[in-house]
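Subject: Handover of a structure and its findings

Dear colleague,

I am pleased to hand over the structure shown here, and I would ask you to keep it open while you read. The notes that follow set out what was found in it.

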Amino acid sequence: MKKVGFIGMGMMGAPMALNLHKAGFDVTVYNRSKERLQPLKEKGLTVAETLVDVVKEKDVVITMLSNDEAVKEVVTGDNGIIEYIEAPTILVDMSTVSPDTSIFLAGVAKEMGVTMIDAPVSGSSNAAENGTLVILGGGDKQVFESIGDVFRAMGKTTLYFGENGSGSKAKLVINLMLGITMQGISESLVLAEKFFLDRGLVLEMMQQAAVASPFLGFKKDSLLREEYPAAFALKHMHKDLGLILGQARENGSVLPATSAAYQSYTAAMNHQMEDMDMAAVFSELLQQSGVEKK
Ligand SMILES: NC(=O)c1ccc[n+]([C@@H]2O[C@H](COP(=O)([O-])OP(=O)(O)OC[C@H]3O[C@@H](n4cnc5c(N)ncnc54)[C@H](OP(=O)(O)O)[C@@H]3O)[C@@H](O)[C@H]2O)c1
């Protein structure tokens, strides 16, 4: 079985690495904060103390980190892994980052003789745990397909979009829909509060109507109770909408609803909701509308 080095044991990376381990891959994990490594060590995964150890002599090295800055720091920063990775090791970034970052990193890797793939994922931490992520690929097609077994251990579907950066572009496309959907559900619920309709009944109506979605099913309990344990942290949704609007400015896309949603998530960030689930944007809109928490 392939040897996999996995960097970033956050909400997504840890269950993804665990699924690789369960599928029989030889997995070595690394995380900047060491306390996140102990539970994985107890489950039988090999823990690397240094970035050098997590990348050396691996078939595949995966990064699953917060944002563009984190991935750039880990890959090309001081002591970055690009100095230690040697072909034929394949570098795969599964974080949600700007397509420009994916293209930049793939270029740096290529100069060092290493192939890099962007393979961000759609699906929350529950999908990461269940191995039902949707994996969105950019980069060399043959290389992408050669590690299909690695992707299948973490996801239910892999979709190949084209050259480097295409996976990251696809990820922004799907997260635009996600961010606006949450904003739309929240606005409907705010109006319902102002009409003094029963929130549970309104959520039931939404689930029976044509606009019903699995996503609403995942979020309805949080919305009902106004409790937001993070499955997808609001700060990441905010980051993604920022990336989307940055790309839209460059390519001339007109995205008014995205801009409006971004304002709501920004306001929620300013009210210390960054580590709550993205659904907390509902509470932000309730507060702005003068509705007290029940
Ligand atoms: N959660 C979701 O539902 C979801 C779904 C799809 C995609 N994503 C995307 O997947 C990525 C990871 O999300 P997540 O929810 O797993 O995030 P998370 O729980 O916040 O974990 C972030 C990880 O990045 C590491 N990190 C951050 N900055 C770093 C740096 N400068 N150097 C080294 N390591 C650094 C953190 O290490 P420490 O532990 O040391 O802080 C942690 O391991 C994000 O790009 C997110 O947008 C998330």
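The C-alpha centres of domain 1 and domain 2 lie 28 Å apart. Where the two domains touch, domain 1 contributes 16 residues and domain 2 contributes 12 residues. According to the domain assignment, domain 1 covers residues 3-163 and domain 2 covers residues 170-288. Please bear in mind throughout that this is a predicted model.

**Strand E4 and its partners**

A useful place to begin is strand E4, residues 60-63. Strand E1 (residues 3-7) runs parallel to E4 and is joined to it by 4 bridges. Within this pairing, Phe 6 has Ile 62 of E4 as its bridge partner. E4 also pairs in the parallel sense with strand E5 (residues 90-93), again over 4 bridges. There, Thr 63 is matched with Asp 93 of E5. The chain passes between these two strands by way of helix H4 (residues 68-76), and E4, H4 and E5 together form a right-handed β-α-β unit.

Are the faces of E4 covered or open? Both are covered: Val 60 and Ile 62 are buried on one side, and Val 61 and Thr 63 are buried on the other. A general rule helps in reading this pattern: in a regular strand, side chains alternate between the two faces of the sheet.

**Two nonpolar cores**

Which residues have the most contacts inside the largest nonpolar core? They are Phe 6, Met 16, Leu 20, Ile 62, Val 92, Met 94 and Met 154, in a core of 35 residues. Helix H1 (residues 13-22) supplies the largest share of this core, with 5 residues. A second core, separate from this one, has 31 residues, among them Phe 215, Tyr 228, Phe 232 and Met 237. In general, nonpolar side chains of soluble globular proteins tend to be buried together.

Met 94 deserves a closer look. Apart from its neighbours within four places in sequence, Met 94 is in contact with residues that include Met 16, Ile 62, Ala 119, Pro 120, Ile 135, Phe 151 and Met 154.

**Helices H12 and H14**

Helix H12 comprises 18 residues, 234-251. At 1.5 Å a residue, H12 should span 26 Å, and its end C-alpha atoms are 26 Å apart, so the two values agree. The buried residues of H12 include Leu 234, Met 237, Leu 241, Ile 244 and Leu 245, and also His 238, Lys 239 and Asp 240. These buried residues pack against H4, H5 (99-111), H9 (166-194), H13 (256-270) and H14 (281-288). Just after H12, Gly 252 has a positive phi of about 80°.

Helix H14 is mostly covered, with 6 of its 8 residues buried. The buried ones are Val 281, Phe 282, Ser 283, Glu 284, Leu 285 and Leu 286. Their cover includes H9, H10 (199-208), H11, H12 and H13. After H14 comes Gly 290, with a positive phi near 75°.

**Lys 169**

Lys 169 is found in helix H9. With a relative accessible area of 42%, Lys 169 is partly exposed, because that value falls between the 20% limit for buried and the 50% limit for exposed. Lys 169 and Asp 118 are 51 residues apart in sequence, and their C-alpha atoms lie 9.8 Å apart in space.

**Backbone points to check**

As background, most residues other than glycine have a negative phi, and most peptide bonds are trans. Three places in this model may be read against that background.

- Glu 57 is not a glycine, yet its phi is positive, at about 55°. Glu 57 sits in the loop between helix H3 (51-55) and E4, and its 67% relative accessibility makes it exposed.
- Glu 226, also not a glycine, has a positive phi of about 55°. Glu 226 lies in the loop between helix H11 (214-225) and H12, but its relative accessibility is 8%, so Glu 226 counts as buried.
- Ala 87 and Pro 88 are joined by a cis peptide bond with omega of about 15°. Pro 88 is placed in the loop between H4 and E5.

Yours sincerely,

A colleague

Methods: Residues are numbered from 1 along each chain as its sequence is written. This is a predicted model: local features need pLDDT of at least 70, side-chain atom pairs count only at pLDDT 80 or more; totals for chains, interfaces and linings use all residues. Side-chain values use heavy atoms; hydrogens and water are left out. Buried means under 20% relative accessible area, exposed over 50%, partly exposed in between (1.4 Å probe, protein chains only). Two strands pair if DSSP finds at least two bridges between them. A crossover is right-handed if, with the strands pointing away from the viewer, the path from the first strand over the helix to the second runs clockwise. A nonpolar core is a set of buried Ala, Val, Leu, Ile, Met, Phe, Trp, Tyr and Cys residues joined through side-chain atoms within 4.5 Å. Contact means heavy atoms within 4.5 Å. The expected span of a helix is 1.5 Å times one less than its number of residues. Domain bounds come from an automatic or database domain assignment.
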